[in-house]
Amino acid sequence: MSLDSIISIGFYLSSLGFLIATVITLMARSKVGASGLGSVLSYLFIGTGTFFVITIFQGLGGDFFGISDESMDIWWHIMFYLAMFSYYFGFKALTKLGSDEADLMGSKAKSWGIFSIIVLVVVFLIPGMADSVVEMYSTSILAGLGLHHFLAFALAGTVGSYLMSAKKNLGQIGQAIANPMIIAVLALSIQHFWELLFESWKIVVVTSEVGEGIEKIFLITAATCVTVAALRLKSLAKAS
């Protein structure tokens with residue numbers, strides 16, 4: 001089996017993992033109604049669903065949108081930031097379960113959901129029209145230094161660190177998903193650090209195929225861990 005075939009399999013496995021996790025999280029969300037846990041599940045559904053949408057965007061490719069590979073890279077990173085903020089808000093909502101604030105977070109989750117849909121629709125509609133603007137960045141020194149990779153690495157690392165520090169204050173639900181979600185988010189952070197090393201900074205010299213293959217390992221790890229967390233949430237939502 002060729003390396004390209006292995007990379008393709010890795011892409012489809014990670015896509016399938018995020019799809020399964022998205023569906024499971026949605027099923028769990030439908031069981032709990034308007035509640036603090038419902039808000040947590042809403043944020044996690046948005047974040048995980050966004051990762052699946054990223055795989056659709058990447059699968060369509062630059063030819064579909066009429067943009068360069070460099071522009072594709074910028075647009076999917078924007079969606080990555082959206083997913084990470086969704087996870088952060090979800091983890092923050094986890095720490096408030098059982099408090100007076102928990103049931104007040106539903107409207108915030110709904111507003112974030114509407115905002116997220118708007119962002120995703122815009123990303124799919126305007127790349128061709130905005131390509132000249134995006135290329136101003138993609139051809140800049142900042143892009144050459146990997147600013148978009150660094151922001152993704154730092155954001156995911158910060159979100160993972162937040163969950164690790166908050167873990168001791170989480171209840172049963174939070175404790176059940178903390179470890180797999182920590183691994184998932186940190187795997188995504190390391191993925192972007194790896195992109196810095198081999199794409200932007202050229203510190204690690206490998207072929208693009210090898211570089212992408214290693215990226216897929218981190219993505220499959222993240223998708224698997226998110227699926228595990230989603231299954232645990234579904235089980236807890238059923239019991240609640």
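Two rings of Phe, Tyr or Trp count as an aromatic pair if their centres lie within 6.5 Å, with the six-membered ring standing for Trp. With this rule in hand, the tour can begin in a model that is predicted, and in which the rule gives a count of 19 aromatic pairs.

**First selection: Tyr43 and Phe89**

Select Tyr43 and Phe89 and show their side chains: the ring centres are 5.8 Å apart and the planes meet at 50°, so this pair is classed as tilted, since planes under 30 degrees apart would count as stacked and planes over 60 as edge-to-face. Now colour helix H2 (residues 36–65), where Tyr43 sits, and helix H3 (residues 69–94), where Phe89 sits, and you will see that the pair links distant parts of the chain, 46 residues apart.

Are these two residues buried or exposed? Tyr43 has a relative accessible area of 4% and is therefore buried, because the cut-off for that word is under 20%, whereas Phe89, with a relative accessible area of 26%, is partly exposed.

**Second selection: Trp112**

Keep Phe89 on the screen and add Trp112, with which Phe89 forms another aromatic pair, this one edge-to-face, at 4.9 Å centre to centre and with 80° between the planes. Here too distant parts of the chain are linked, as Phe89 belongs to helix H3 and Trp112 to helix H4 (residues 106–125), 23 residues apart. Trp112 has a relative accessibility of 16% and so counts as buried.

**Third selection: the aromatic cluster**

Which residues join these rings in one aromatic cluster? Add Phe85, Tyr88, Phe115 and Tyr162 to Tyr43, Phe89 and Trp112, and the cluster is on display. Pause at Phe115, which lies in helix H4 and is partly exposed, with a relative accessible area of 43%. From Phe115 you can also follow the chain for twelve residues to Pro127, whose C-alpha atom is separated from that of Phe115 by 18 Å.

**Fourth selection: the cavity**

Leave the rings and turn to enclosed space: a search of the whole structure finds one cavity of 30 Å³ or more, and the largest cavity holds about 50 Å³ of space. To find this cavity, select its lining, which is made up of Thr25, Leu44, Thr48, Tyr87, Met181, Val226, Ala229, Ala230 and Leu233. Which helix gives the largest share of this lining? Helix H9 does, with four residues, and H2 and H9 each supply at least two. In kind, the lining residues of the cavity are seven nonpolar and two polar, with no charged residue among them.

**Fifth selection: the pocket**

The largest pocket contains about 1,100 Å³ of space, and a good way to locate its centre is to select Gln58, Asp73, Trp76, Glu199 and Glu212, the closest to that centre of the 42 residues in the lining. If you colour by helix, you will find that H1 (3–32), H2, H3, H6 (141–144), H7, H8 (172–200) and H9 each supply at least two residues of the pocket lining. This lining divides into 17 nonpolar, 16 polar and nine charged residues.

**Last view: confidence**

Finally, colour the whole protein by pLDDT, which averages 92, with 95% of the residues scoring at least 70. Among the elements, helix H7 (residues 147–166) has the highest mean pLDDT, 96, and helix H9 (residues 208–239) the lowest, 91. Where pLDDT is low, the predicted coordinates should not be read in detail.

Definitions and conventions:
Residues are numbered from 1 along each chain as its sequence is written. Side-chain values use heavy atoms; hydrogens and water are left out. pLDDT is the predictor's confidence in each residue, from 0 to 100. Buried means under 20% relative accessible area, exposed over 50%, partly exposed in between (1.4 Å probe, protein chains only). On a 1 Å grid over the protein atoms alone, a cavity is a set of points where a 1.4 Å probe fits but cannot get out, and a pocket is an open set with protein on both sides within 12 Å along at least five of seven lines; lining residues have an atom within 4 Å of a point. Grid points are joined across faces, edges and corners, and a volume is the space filled by probe spheres set on the points. Ala, Val, Leu, Ile, Met, Phe, Trp, Tyr, Cys and Pro count as nonpolar, Asp, Glu, Lys and Arg as charged, and the others, Gly among them, as polar.
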